[in-house]
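Colleague: Thanks for making time to go through this one with me. Could you bring it up on the screen before I start asking?

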Amino acid sequence: MIFELDLPLEYRLEAGWLARWAEALMQGTALARSCRQCGRASFVPERICDCGCSEGSWKPVPGKATVIRRTSGLDGNFGFVRFDGADTCAVVALEGFEAGDRRGELIAPAGSLPKLIIRPIHEEVPD
Ligand SMILES: [Zn+2]
């Protein structure tokens with residue numbers, strides 16, 4: 001049995017302490033949160049580090065990531081990835097990935113919401 005229901009929801013979300021991170025995402029760039037006490041870089045940023053410290057600074061990172069695991073669902077392909085320069089992992093949408101693609105680069109999302117989306121990188125020039 002299926003019940004059909006029209007359920008409109010309207011949200012107005014403030015980015016709060018994540019405002020700089022969200023603004024960067026909207027431009028397709030990446031900011032990691034660097035812990036003031038231990039230097040651990042988190043992307044997606046963590047408010048409180050594993051060491052217990054809640055002080056940190058924003059650190060630009062390249063926005064390139066390595067796919068560790070991937071899955072496909074009804075609403076697209078997703079990956080568990082680690083961004084270069086980050087000590088943590090993140091879940092992102094994979095756009096245009098083929099079976100063998102393992103590296104991707106952050107892109108600016110379409111629309112008005114910050115989203116974590118990467119497209120594959122096929123050739124990289126070492127920095
Ligand atoms: Zn720390």
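Colleague: What percentage of the 127 residues in the protein is buried?

Modeller: Happy to start there, and please keep in mind that this is a predicted model. A residue is called buried here if 20 or more other C-beta atoms lie within 10 Å of its own. Of the 127 residues in the protein, the buried share is 24%.

Colleague: Read along the sequence, what pattern does the protein follow?

Modeller: The protein has one helix and eight strands. The C-alpha atoms fill a box of roughly 55 × 35 × 25 Å along the principal axes. Read from start to end, the pattern is α-β-β-β-β-β-β-β-β.

Colleague: In what order do the strands of the closed barrel run?

Modeller: The barrel has five strands, and their pairing is mixed. Ignoring direction, neighbouring strands of this sheet are turned by 50° against each other on average. Both kinds of pairing can be seen at β6: β5 and β6 run antiparallel, joined by five bridges, while β6 (residues 90-94) and β8 (residues 117-120) run parallel, joined by two bridges. The order is β4-β5-β6-β8-β7.

Colleague: Which residue in β5 is the bridge partner of G73?

Modeller: Let's look at where β4 meets β5. Strand β4 (residues 64-73) pairs with β5 in the antiparallel sense over eight bridges. A hairpin of two residues links β4 to β5. There, the partner of G73 is G76.

Colleague: And in the hairpin of β5 and β6, which residue takes a positive phi?

Modeller: This hairpin has six residues between its strands. Within the paired strands, F80 stands opposite V91 of β6. The positive phi, near 85°, belongs to G85.

Colleague: Which residue is the bridge partner of A93 in β8?

Modeller: Here we are at the parallel pair, where two bridges join β6 to β8. One residue before A93 in this strand's neighbourhood of the model, V92 has contacts with several residues, including L116, I117 and I118. For A93, the bridge partner is I117.

Colleague: Turning to the other sheet, which are its edge strands?

Modeller: This sheet is open and has three strands in the order β2-β1-β3, with antiparallel pairing. Two bridges join β1 (residues 30-35) to β2, and one pair of bridge partners is S34 and A41. The strands that pair on one side only are β2 and β3.

Colleague: Which residues does the cis peptide bond join?

Modeller: Start in the loop between β2 (41-42) and β3 (56-61), where V44 lies. The peptide bond in question has an omega of about 5°. The two residues joined by this cis bond are F43 and V44.

Colleague: Which residues have the most contacts inside the largest nonpolar core?

Modeller: In soluble globular proteins, nonpolar side chains tend to be buried together. The largest such core here has 20 residues, and the elements giving two or more residues to it are α1 (19-26), β1, β5 (76-83), β6 and β8. F43, a residue of the cis peptide bond, is among those with the most contacts. The full list is A30, A32, F43, F83, V92 and I118.

Colleague: One last thing: among contacts between residues at least 6 apart in sequence, what percentage joins residues at least 24 apart?

Modeller: A contact here means that two C-beta atoms, placed from the backbone, lie within 7 Å. V92 gives an example of contacts in this model, touching A65, F78, G79 and V81 among others. Over the protein, the share that joins residues at least 24 apart is 38%.

How values were computed: Residues are numbered from 1 along each chain as its sequence is written. This is a predicted model: local features need pLDDT of at least 70, side-chain atom pairs count only at pLDDT 80 or more; totals for chains, interfaces and linings use all residues. Helices (H or I, at least four residues) and strands (E, at least two) are DSSP runs, numbered from the N terminus. Two strands pair if DSSP finds at least two bridges between them. Axes are lines fitted to C-alpha atoms, for helices over the stretch in contact, and angles run from 0 to 180 degrees between N-to-C directions. A residue is buried if 20 or more other C-beta atoms lie within 10 Å of its own, exposed if 12 or fewer, and partly exposed in between; C-beta atoms are placed from the backbone. A nonpolar core is a set of buried Ala, Val, Leu, Ile, Met, Phe, Trp, Tyr and Cys residues joined through C-beta atoms within 7 Å. Lists of a residue's contacts leave out its neighbours within four places in sequence.
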